[in-house]
Amino acid sequence: MLETRLTLKAEDIDSMVQGYQVHRDVYTSNEVYQLEMRHLFANTWVFVGHESQTPKQGDYFTTQIGNQPVIQVRHTDNGVKVLHNRCPHKGTKIALDREGNTGKFFRCPYHAWSFKTDGCLLAIPLKNGYEGTGLDKNENSKGMKAVGAVKNYRGFIFARLAKEGIDFEEFFLDSLSSIDNMVDRSPAGKLEVAGPPLRYMHKCNWKMLVENQTDTCHPMVAHESSAGTAKKIWKKLGSPKPQPPAMQIIAPFMSPYAFFEDMGIRTWPNGHGHTGVNHSIHSDYSAIPGYFEAMSKAYGESRAKSILDENRHNTIYFPSIMVKGPIQQLRNFIPLSPDKTLVESYIYRLIDAPDELLARTAMYNRMINAPTSIVGHDDLEMYERAQEGLMSDGIEWVNLQRLYPGKEEDFSKEAVENGTTERQMRNQFDAWRRFMTTTMPQSTVSAIEAAE
Amino acid sequence: MSDISKDDLIDFIYAEARMLDEGHYDDWLKLWIPDGHYWMPLDYKQDDPLFVTSLMYEDMFMLKLRVERLNGARTFSQKPKSRCHHVIQRPFVDKLDNKEGHYVTNTSMHYVETRLDEQFLLALTATHELKRIKGSLRIANKRVDLLNSDAAFGNIQLLP
Ligand SMILES: [Fe+2]
């Protein structure tokens, strides 16, 4: 119904992305946001949760795919299902808690319609009241709606809302190597979620956060206040060794431009990419006793070494998550409106690895990604002031031209480039444009042209 | 060495809140023993500071960094500066052990922080573990439990 009120057509979306620049409407327009939820977040594979959040049959947790409320639940066949969190009767959310166990079936808290954990309708109280009404011909009688498709990739649950669309493997291609590396870092090849995520609200468009994950020219500027000050204090204390944890984690943000240039950026088709091809700010974390031994025992020494030598920094799984393999962290950027984004930052325990690794990961999460984190404060200030600045009519285009080749780029092949390129941001907008428009109507003019 | 009284403990908690409100961070840092930690759990009734995420679990280096950053020339999130305000209830004294020089207080507070046109309120309970060092009270550990610790927040830049 809403669609009839949305006036933008596919060619309007196309015209907002012009190689090295994007129109500010992509960040500020409510209609663009509505279209993103309806098309981009329906046509792509979006992260839902980790299977360890729902380990036993009947375990569920509630979250959102874009603006869509969903439930991740462990079905009686042990598979993980993703259902729309909406009673087919009058719309009440079926699961109200953030997490819980529902047993063998869900029961709506409003009128007690009940459903199996794959969504199928089980029973309606006083059902004879619907006899002869034709209810059985409506989709409302079929039960809770499942999302279009679900994939459990090494414990990470992704969903595609649309029934038809690109396959999981075809969408992510070799970018899955970053999740592989994160999971392989467990001697058992298994991760487990460690506690609830940090929840950090940003009054800015979700794409600003996603772009910032591969923005390697901002740390030494925006984070001078935290990382620069950390270095200063440490020197004043006489450069004590071992360095305090804050120095190991925060100070590398002050690395010089050359460090980030040499780090490299890899892009994959469909908007995925990562920083830290050759090295990263996570390369010099001190080794943890017993860890390499456990890895060697599990994988053999040379394979263990090659797993741990990979030090990818941030991997973007387009559209809306970032994964840090070396520290087992995942950040989920959930768009709530054009100018409001909820960031949930999860950490995972490497099964059979020493606990010190988890302690460092938890420390990283609170030092960098908490609403109380000084590094987080630096970043949020930039995003929110950008959201305000973009309202200026002085200039309408946002520039993404750093290391642009000067002609149209080919994003259909993997590429490795200088670590300060903005190619990954352009790659995201290439995918954004394509997955937005595949299911959008063309304007009537071009439809007529196409017919001729 | 003179004993610490219940009033001494209560005065100490009030004085600390005033230092934070007035931004006297150098004095505030001097209240701490060197291996103290400021802990703000993420989960309601969380009992583990290390192996799950917290909002804060900070040693003296981090706290020093945190307050020094507030005055940095390029600390853009503090242009303009935030201000804060504590309204505190009379602390409960849960432990008063003058033999060991060890004390625990439990204080309910309303904490308000503001910057630009935004202002927010946090209801919280602060648990102070205090020690008597050379006759005066020092903070050994401070735990701050936000009533809504599991809610999504924007920036919390100063110290509840
Ligand atoms: Fe940043």
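Start by selecting A:Glu384: with a relative accessible area of 10%, this residue is buried (buried means under 20% relative accessible area, exposed over 50%, partly exposed in between, using a 1.4 Å probe and protein chains only). Before going on, note that this is a predicted model, where local features need pLDDT of at least 70, side-chain atom pairs count only at pLDDT 80 or more, and totals for chains, interfaces and linings use all residues. Residues are numbered from 1 along each chain as its sequence is written, chains are lettered from A and ligands numbered from 1 in the order in which they are written, and side-chain values use heavy atoms, with hydrogens and water left out.

**Around A:Glu384**

Now add A:Arg385, which forms a salt bridge with A:Glu384, the closest N and O atoms being 3.7 Å apart. Here a salt bridge is a side-chain nitrogen of Lys or Arg within 4 Å of a carboxyl oxygen of Asp or Glu. A:Arg385 also pairs with A:Glu381, this time with the closest N and O atoms 2.9 Å apart. Both A:Arg385 and A:Glu381 sit in helix α14 of chain A, four residues apart, or about one turn of the helix. (Helices are DSSP runs of H or I, at least four residues; strands are runs of E, at least two; both are numbered from the N terminus.) A:Glu381 is buried at 4%, while A:Arg385 counts as partly exposed at 28%. Put A:Glu388 and B:Arg115 on screen too: with A:Glu381, A:Glu384 and A:Arg385 they are linked in a network of salt bridges.

**Across to chain B**

Colour the two chains separately. How many residues of chain A are in contact with chain B? There are 46, and they touch 35 residues of chain B, contact meaning heavy atoms within 4.5 Å. The two chains bury about 3,300 Å² between them, 62% of it on carbon and sulfur atoms; buried area is the accessible area (1.4 Å probe) that two parts lose on being put together, summed over both. Six salt bridges are counted between chain A and chain B. To see a salt bridge of this kind, pick A:Lys236 and B:Glu68, whose side chains meet at 3.4 Å, N to O. On chain A, the elements that each supply at least two residues to the side touching chain B include α8 (224–236), β20 (340–350) and α14 (374–389).

While you're in chain B, show helix α3 (residues 60–69): eight of its 10 residues are buried, so the helix is largely enclosed by the rest of the structure. Among those buried residues are B:Phe61, B:Leu65 and B:Arg69.

**The iron ion**

Next, centre on the iron ion. Which residues coordinate the iron ion? A:His218 and A:His223 each do so through NE2, and A:Asp379 supplies two OD donors, at 1.9 to 2.5 Å. Donors are N, O and S atoms within 2.8 Å of the metal (3.2 Å for Na, K and Ca), and water is not among the atoms, so sites may look incomplete. Along the chain, the donors follow the spacing H-x4-H-x155-D. Both histidines are buried: A:His218 at 15% and A:His223 at 1%.

Last stop: A:Asn212, in helix α6 (residues 206–212) of chain A. Leaving aside neighbours within four places in sequence, A:Asn212 is in contact with A:His218, A:Asp379 and A:Tyr383. A:Asn212 is buried too, at 12% relative accessibility.
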